[in-house]
Amino acid sequence: MSFDSGNAYSAGSISSGTDNGSPIYQQYATAHPTRGAGYASLSPGNFYVMGNGMGTPSAFTLACWVRTADGGGSYRGIIHKQSAYSLLTHDNRLGTYAWCGSEASISTQTINDNQWHHIGQTYDGSTFRWYYDGTEVHSYVKCVGTSGSDITVGRGAGTTEDWTGDIDEVAMWTRQLASTEMAELVTSGIGLS
Ligand SMILES: [Ca+2]
């Protein structure tokens, strides 16, 4: 989802989606070398539904740029698949929730400085790794749940877990990107296969 020309939903293996509420499409004052021409602003009630998309693959990567001054006092879903996996914030810190045994893991990395940051989560079938501006900041060993739930961008488990802030270049891969590739996303954009 580049948001460079409105609601562009292509995101790795995901190629369709729908607005829920009224996400606001914004244009950068000057096109950004990595983030392109535009981005989206989300707030409670305004998010995207991506369909089942890539399902629950054995390995995957979730990534996007975000800017927020309010990471939420509890869970806020950024890229979320209910009952499977989620890239989220909790009390303004980057984290995840994996439904195999229903357990969250929250890093110490705060995210509410109102500056653009690239965040990502990779999974190799056993270990989650979080990336912040291209650098690994946290990991934990966990399996994911199997779910047919739609992937949502900007909403977690329900209406109380909507995310507030700007978002751009949402991407997903059905493989674990290497640490070098996660760094490359920050400097070169999402042109990885
Ligand atoms: Ca963009």
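These legends go with close-up views of a predicted model.

**View 1. Seven strands line up in an open sheet.** Reading across, the order is β2-β3-β14-β5-β10-β11-β12, and the pairing is antiparallel. Look for the edges at β2 (24-32) and β12 (135-141), since each of these strands pairs on one side only. Going from one strand to the next, you'll find a twist that averages 30°.

**View 2. Here we zoom in on β5 and β10.** Strand β5 covers residues 60-67 and β10 covers residues 117-123; they run antiparallel, with seven bridges joining them. To spot one pair, find alanine 63: its bridge partner in β10 is glycine 120.

**View 3. Helix α1 lies across part of the sheet.** Made of residues 179-188, α1 crosses β5, β10, β11 (127-132) and β12. Its direction is at about 155° to β10.

**View 4. Now for the largest nonpolar core, a set of 43 residues.** The ones that touch the most other members are Cys64, Val66, Ile78, Ile79, Val153, Ile167 and Val170. Strand β5 gives the most to this core, with six residues. Try picking out isoleucine 78: leaving aside residues up to four places away in sequence, it touches Cys64, Val66, Leu87, Leu88, Thr89 and Trp163.

**View 5. Strands β8 and β9 make a hairpin.** Five bridges hook up β8 (residues 93-98) with β9 (residues 103-110), and the two run antiparallel. Tyrosine 97 stands opposite alanine 104 in β9. Four residues sit between the strands, and in this hairpin glycine 101 takes a positive phi near 90°.

Key: Residues numbered from 1 in each chain as written. Predicted model: local features only at pLDDT ≥ 70, side-chain atom pairs only at ≥ 80, totals over all residues. Pairing = 2+ DSSP bridges. Axes fitted to C-alpha atoms, helices over the stretch in contact; angles between N-to-C directions. Contact = placed C-beta atoms within 7 Å. Core = buried A, V, L, I, M, F, W, Y, C linked by C-beta atoms within 7 Å. Buried ≥ 20, exposed ≤ 12 C-beta atoms within 10 Å, placed from the backbone.
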